[in-house]
Amino acid sequence: MKRCRASRAGGLAVLLVLTLLTGGCAGSEQTSVLEPDAAQSTSADTVDPAAEAERLAVLHDAAARLERYRWPRETVKKDILGQELEFLLYHGNGWTIHVPVAWEETWPAEWQSPSQRAGFEVSKMFLGVNNPKSFRAQAGSWRHETGYDPPFDYYYDNDGGYTPPDGSADYRYFFAPDGDDRSFEFTLHSVAGEITEEELAIQEAMLLSFTLDDSSRVLRSEPYTPGRTEWDAALAGLLAETEPIWFHWDGNTGVWEDIIDGKGDPDYLDCALPLEEYRTEEFIQTFFGNRPEEAPEPGGNLITLCLPQMKLYLYFYDGSPWVHISHAGEDYWAVFQHEDGPDKVIFDAVYAWLEAERTWAAG
């Protein structure tokens with residue numbers, strides 16, 4: 001079974017492992033717009049025709065909107081040591097990269113080989129906080145020259161210049177600037193003495209395929225607005241019948257409770273639709289696990305909604321209007337206000353949904 005990870009909000013240092021349904025986490029797979037299955041609807045003898053027509057219209061509209069936030073599956077063949085392998089064009093937020101179809105995406109912008117001996121990660125660094133190259137040098141990493149064109153003309157490894165023993169973890173770090181204040185860092189990790197020549201060649205092909213562009217991980221037909229796009233896509237995914245969701249609840253007891261497949265009952269629409277009544281202010285992007293100064297402190301009551309196939313996580317805080325979105329390796333925060341007034345906190349709407357989910361699961 002494939003796995004997704006969700007970070008505990010705030011510090012984002014503690015990771016929650018989400019066990020997904022078989023075939024989940026296929027974020028770049030395109031899902032067709034499907035009509036709801038008539039067998040899932042309640043008998044016509046007990047359903048108001050007008051209400052059922054409205055329900056089906058909501059499902060159909062959500063599925064159609066969801067398609068606008070998905071990139072089509074595009075593949076390319078690459079020669080790896082004389083063997084033709086299939087790679088997928090992966091869209092990040094403002095960048096693309098070629099990823100081998102056989103590798104698993106374990107977290108947004110992180111991939112692992114089938115043997116688990118090799119991996120690849122893309123992360124955006126904010127140079128005003130910590131220059132990644134200086135950090136690697138200060139940490140004792142060793143600089144090596146390469147034959148690549150800039151910005152991949154040298155890299156750092158974490159072994160201080162010596163050869164790590166077989167079976168131990170080995171890391172190499174490459175960098176690509178993105179303007180004056182940001183840089184992308186690429187982590188190529190492996191198991192020393194066990195990674196194969198093919199896996200090394202695949203890592204190199206992934207690295208050199210990286211391109212900065214105007215693409216978005218979730219949007220292909222409208223102008224991209226960081227944060228807002230993710231929220232619009234999340235709403236479509238929460239309402240669309242074909243998109244699975246997961247609840248995760250961290251109450252005052254400190255115990256995590258998982259509710260699997262948040263659409264266990266047709267009445268879920270009545271719980272999801274109230275989220276559309278909230279209007280968001282401008283999103284704030286944060287780096288290195290930071291949060292806006294006004295955002296809630298780590299800890300306390302927290303509800304996480306995960307859309308595993310979209311690799312999209314929503315965090316809601318008890319008594320707070322703030323919502324935190326994590327997607328494609330980037331984090332956004334915004335204040336949400338109800339259209340009828342600020343006294344209605346979005347956490348309460350999500351909590352009511354969670355309580356309904358518990359009832360459905362018990363049934």
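**Exercise 1. Ser320 and its surroundings**

Ser320 touches Pro296 and Val345, when residues up to four places away in sequence are not counted. In this predicted model, determine where Ser320 lies, and whether Ser320 is buried or exposed.

*Solution.* Begin with the chain path: Ser320 belongs to the loop between E19 and E20. Next take the relative accessible area, which is 8% for Ser320. Buried means under 20%, so Ser320 is classed as buried. The loop around Ser320 can then be described further, since the hairpin of E19 and E20 has four residues between the strands, and in that hairpin Gly319 takes a positive phi near 75°.

**Exercise 2. The setting of strand E20**

Establish how strand E20 (residues 322-327) is placed with respect to the rest of the structure, and which strands pair with E20.

*Solution.* First consider the residues of E20 one face at a time. In a regular strand the side chains alternate between the two faces of the sheet. On one side of E20 stand Trp322, His324 and Ser326, and on the other Val323, Ile325 and His327, and all of these are buried, which leaves both faces covered. Six of the six residues of the strand are therefore buried, so E20 is largely enclosed by the rest of the structure.

Then turn to the partners. Strand E19 (residues 312-317) pairs with E20 in the antiparallel sense over five bridges, and within this pairing Tyr313 stands opposite Ser326. Strand E21 (residues 330-338) is likewise antiparallel to E20, here over six bridges, with His327 opposite Glu330. The hairpin of E20 and E21 has two residues between the strands, and in it Ala328 takes a positive phi near 55°.

**Exercise 3. A cavity beside the second hairpin**

Which residues line the second largest cavity, and which strand gives the largest share of its lining?

*Solution.* The search of the whole structure finds four cavities of 30 Å³ or more, and the second largest holds about 50 Å³ of space. Its lining consists of Trp95, Ala109, Val122, Ser123, Lys124, Phe184, Ala328, Gly329 and Glu330. Ala328, the residue with positive phi in the hairpin of E20 and E21, is thus one of the lining residues, and so is Glu330, which stands opposite His327. The largest share, three residues, comes from strand E8 (residues 118-126). Sorted by class, the lining comprises five nonpolar, two polar and two charged residues.

**Exercise 4. The nonpolar cores**

How many residues does the largest nonpolar core have, and which of them have the most contacts inside it?

*Solution.* The largest nonpolar core has 46 residues, and those with the most contacts inside it are Trp231, Phe247, Leu305, Leu314, Phe316 and Trp353. Helix H6 (residues 346-362) supplies the largest share of this core, eight residues. Trp231 can be followed in detail: leaving out residues up to four places away in sequence, Trp231 touches Leu275, Phe283, Leu314, Phe316, Ile325, Phe336 and Ile346. Another core, of 27 residues, lies apart from the largest one and includes Ile80, Val99, Ala176 and Phe184. Phe184 also appears in the lining of the second largest cavity.

**Exercise 5. An open sheet**

Give the strand order of the open sheet of four strands, and name its edge strands.

*Solution.* The order is E3-E4-E5-E13, with antiparallel pairing. Strand E3 (75-80) and strand E13 (211-212) are the edges, since each pairs on one side only. Strand E4 (residues 83-91) and strand E5 (residues 95-100) pair over five bridges in the antiparallel sense, and the bridge partner of Leu88 in E5 is Val99, a residue already named in the core of 27 residues.

Technical notes:
Residues numbered from 1 in each chain as written. Predicted model: local features only at pLDDT ≥ 70, side-chain atom pairs only at ≥ 80, totals over all residues. Heavy atoms only, no water. Buried < 20%, exposed > 50% of the residue type's maximum accessible area, 1.4 Å probe, protein only. Pairing = 2+ DSSP bridges. Contact = heavy atoms within 4.5 Å. Core = buried A, V, L, I, M, F, W, Y, C linked by side-chain atoms within 4.5 Å. 1 Å grid on protein atoms, 1.4 Å probe; cavity = no way out; pocket = protein on both sides within 12 Å on 5 of 7 lines; lining within 4 Å. Points joined across faces, edges and corners; volume = space filled by probe spheres on them. Nonpolar A, V, L, I, M, F, W, Y, C, P; charged D, E, K, R; others polar.
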